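Trainee: Hi! Could you walk me through this one?
Mentor: Happy to. Have a look at it first, and then ask away.

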Amino acid sequence: MNSNIGQKEKQKEYQKYVQQKMPKSHIVTNCAKAFVGGGLICMLGQAISDFATNYYQLAKPDAASFTAIVLVFLGATLTGLGVYDDLGKFFGAGTIVPITGFANSIVSPAMEFKREGYVLGIGAKLFIIAGPVLVYGISSSILVGLISYMFVR
Amino acid sequence: MNYFNVFLIGGAICVVGQILIDKTTLTSARILVIFVTAGVILSALGLYKPLVDFAGAGATVPLTGFGHSLAQGAIEAAKSSGVLGAFTGGTKAAAGGIAAAIFFGYLNAVLFNPKTKK
């Protein structure tokens, strides 16, 4: 029993020590970087969307699909080329939260696990992060659709 | 669309993600799941549409916007074709992004190899 209490105290001391040694994350700078990075990607998205509506005369839903497809293409290709991860190191969440980050989360693990084969390597690992996103996104949208059908008519 | 608004809202939504990264131990996978689900819920409550009207791509490009298009698709299709629509509407509305992500994701993973650490 005694040694148990001693251990707990040691653990507490160790945690204090770790907290002192941990590099203080510069949350303000990080947030500023995320703000700029995310803002720029969204502006790029708006430019693509404006191009789709003005040049190709696409209706709103089609313009949205067009924008998503182009951004996903850019995010996936830049990840393949190794550029997106460098951007990510600087802009943090600014590159994770936009849909380009979703594309990044698909390509990165798939590339990493290529040696495990084309089916269980690339084919499966594409969805390591995208899978949960689609599971929760689509499932909750179905719930919302059902609820709206039952109560709002 | 006013590009200043796009920048402002798009940036602000990413700051929320950055705060979650810095202040919690959530992995980026969990953060993306939280953002999509939050988008679906906010959209269902009618709170996300005003943001889209105000900031366009600033609200639709972040993953919350992905949730918004899933929810709006499901709600609209449920109105026109009932239970069937509730199932098909969301995925239909987001099909472009999902299909592109799978297709370009696969192509890039096949074509490229991860950068070796310098």
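**Chatting through the two chains**

Mentor: Let's begin with chain B, where buried residues make up 53% of its 118 residues. Keep in mind that this is a predicted model.
Trainee: Okay! How many helices and strands does chain B have?
Mentor: Chain B has six helices and zero strands. Going along the sequence, you would write its pattern as α-α-α-α-α-α.
Trainee: And what does chain B span along its principal axes?
Mentor: The C-alpha trace spans about 55 × 35 × 30 Å.
Trainee: What about contacts inside chain B, how far apart in sequence are the partners?
Mentor: Take the contacts between residues at least 6 apart in sequence: 58% of those join residues at least 24 apart.
Trainee: Nice. Now, how many residues of each chain are in contact with the other chain?
Mentor: On the chain A side there are 65 residues, and they are in contact with 66 residues of chain B.
Trainee: Which helices of chain A supply at least two residues each to that side?
Mentor: Those are H2 (27-54), H3 (60-81), H5 (93-96), H6 (99-112) and H8 (127-151) of chain A.
Trainee: Are the residues there nonpolar, polar or charged?
Mentor: The side of chain A that touches chain B has 40 nonpolar residues, 22 polar ones and three charged ones.
Trainee: Let's zoom in on chain A. How do the axes of H3(A) and H6(A) cross?
Mentor: They come within 8 Å and cross at roughly 45°. H3(A) is therefore called oblique to H6(A).
Trainee: Is that crossing left-handed or right-handed?
Mentor: The crossing of H3(A) and H6(A) is right-handed.
Trainee: Which residues meet there?
Mentor: From H3(A), they include Ala68(A), Leu71(A), Val72(A) and Gly75(A). Among those in H6(A) are Ile99(A), Gly101(A), Ala103(A) and Val107(A).
Trainee: And how does that contact divide into nonpolar, polar and charged?
Mentor: The contact of H3(A) with H6(A) has nine nonpolar residues, seven polar and no charged.
Trainee: Last topic: what's notable about the phi of Gln57(A)?
Mentor: Gln57(A) has a positive phi, about 55°, although it is not a glycine.
Trainee: Where does Gln57(A) lie?
Mentor: Look in the loop between H2 and H3 of chain A.
Trainee: Is Gln57(A) buried or exposed, and why?
Mentor: Gln57(A) counts as exposed because 9 other C-beta atoms lie within 10 Å, and the cut-off for exposed is 12 or fewer.
Trainee: Great, thanks for the tour!

Conventions. Residues numbered from 1 in each chain as written. Chains lettered and ligands numbered in written order. Predicted model: local features only at pLDDT ≥ 70, side-chain atom pairs only at ≥ 80, totals over all residues. Contact = placed C-beta atoms within 7 Å. Helix = DSSP H or I, 4+ residues; strand = E, 2+ residues; numbered from the N terminus. Nonpolar A, V, L, I, M, F, W, Y, C, P; charged D, E, K, R; others polar. Buried ≥ 20, exposed ≤ 12 C-beta atoms within 10 Å, placed from the backbone. Axes fitted to C-alpha atoms, helices over the stretch in contact; angles between N-to-C directions. Parallel < 35°, antiparallel > 145°, perpendicular 65-115°, else oblique. Left-handed = near helix turned anticlockwise from the far one by under 90°.
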